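Let's take a look at where a ligand sits in a protein and what surrounds it. Have the structure open and follow along.

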Amino acid sequence: MTESVAHSPFNCILLTGAAGGLGKVLRESLRPYARTLRLSDIAEMAPSDGPHEEVRVCDLADKNAVDQLVEGVDAIVHFGGVSTEHAFEDILGPNICGVYHIYEAARRHGVKRVIFASSNHVIGFYRQDQTLDAAAVKRPDSYYGLSKSYGEDMASFYFDRYGIETVSIRIGSSFPEAQNRRMLSSWLSYDDLTQLIERGLFTPNVGHTVVYGASNNRTVWWDNRLASHLDYQPKDSSEQFRAKVEAQPAPAADDPAMVYQGGAFVAAGPFGDD
Ligand code: NAI
Ligand code: 15L
């Protein structure tokens, strides 16, 4: 048993979205923080490689299945769901019903702490020359962004009504590398994401805290002073990718990728017009 597990208040942490890009990373990096990680997704996952892992296939849109999934859990790291823009009907079950099912199961089973993978697309219609803190009025850029905005409101409600605490991380762009000019500002390294989740799990009295998930990039659009109690200290920077990114042809100055914090998401859709 690692030192961290020995001192962790968490016997079992549930990670949803465990088959996804970030879920596969967190499957490894969250290991020190609980005796057991319960890994869940609608997609197949690699089998458990020891008693520190449980693997459970579950559809977030299925309320009874989520209720069973949460039984015996001390904290939830909720990363499952549709992760890009789609028609509203495709987002409704996994993201909107799904986040309700997670909080309702948390209430029923006495879970006191949730980390919610929110997104920069909650505020994606702000321009890149604006600096925002967590109190900025939301400006979702997509049905996907709306679903994350709803998830944050769900977190706020479940704290006010039932005392379940949440850290909602408005993740920028969490990938191995910053892939374009926008991501030079929005990039979040996997190590910094893990630090944010660790701070979210272990900081006392977070109520409902909204924190922006970006690394220590040279240009950042987000001010995390309202989440200073988390003591998040990003260690990485997108500067290491700047030369490669700037060697790419620059998009036009009025391209949404150059204008809006949410980039291309602001221009997706409409859906369903024949
Ligand atoms: P991903 O798409 O690779 O992973 C999402 C996982 O959720 C997938 O494995 C998928 O099978 C699962 N899922 C979808 N519908 C489900 C359902 N009905 N029931 C159970 N599981 C379902 O996305 P990624 O990049 O790993 O993101 C993880 C989370 O972080 C998502 O919630 C995403 O919205 C959020 N996020 C990610 C960012 C990034 O830069 N990677 C930025 C902002 C937010
Ligand atoms: C997100 O919310 C998405 O999940 C991810 O795939 C990226 O598009 C990211 O935002 C981004 O804005 O770069």
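The lining of the largest pocket is a mix: 16 of its residues are nonpolar, 17 are polar and four are charged. Keep in mind that this is a predicted model. Ligand 2 is the molecule that sits in this pocket, so to speak our guest for this tour.

**The pocket**
- There's about 780 Å³ of space in the largest pocket.
- Its lining counts 37 residues, and Leu 22, Phe 79, Gly 81, Ser 83 and Tyr 144 are the closest to the centre.
- Which helices and strands each give at least two residues to the lining? On the helix side you'll find α2 (21-29), α5 (143-162) and α6 (181-186), and on the strand side β2 (36-41) and β5 (113-119).

**The shell around ligand 2**
- Around ligand 2 you'll meet Ser 83, Thr 84, Ser 119, Asn 120, His 121, Tyr 144, Gly 172, Ser 173, Phe 175, Arg 182, Met 183 and Phe 265.
- Sorted by type, this shell has four nonpolar residues, seven polar ones and one charged one.

**Polar contacts with ligand 2**
- Ser 83 uses its backbone: one of its N or O atoms lies 2.6 Å from an oxygen atom of ligand 2.
- Ser 119 uses its side chain, with a polar atom 2.7 Å from an oxygen atom of ligand 2.
- His 121 also has a polar side-chain atom 2.7 Å from an oxygen atom of ligand 2.
- On its own, ligand 2 has 320 Å² of accessible area, and the protein covers 82% of that.

Key. Residues are numbered from 1 along each chain as its sequence is written. Chains are lettered from A and ligands numbered from 1 in the order in which they are written. This is a predicted model: local features need pLDDT of at least 70, side-chain atom pairs count only at pLDDT 80 or more; totals for chains, interfaces and linings use all residues. Side-chain values use heavy atoms; hydrogens and water are left out. A residue is near a molecule or strand if one of its heavy atoms lies within 4 Å of it. A polar contact is a pair of N or O atoms within 3.5 Å; within protein, one must be able to donate a hydrogen and the other to accept it, and residues adjacent in sequence count only if both atoms are side-chain atoms. Accessible areas come from the Shrake-Rupley method with a 1.4 Å probe; for residues, only the protein chains shown count as cover. On a 1 Å grid over the protein atoms alone, a cavity is a set of points where a 1.4 Å probe fits but cannot get out, and a pocket is an open set with protein on both sides within 12 Å along at least five of seven lines; lining residues have an atom within 4 Å of a point. A molecule sits in a cavity or pocket if more than half of its atoms lie within 2 Å of its grid points. Ala, Val, Leu, Ile, Met, Phe, Trp, Tyr, Cys and Pro count as nonpolar, Asp, Glu, Lys and Arg as charged, and the others, Gly among them, as polar. Grid points are joined across faces, edges and corners, and a volume is the space filled by probe spheres set on the points. Helices (H or I, at least four residues) and strands (E, at least two) are DSSP runs, numbered from the N terminus.
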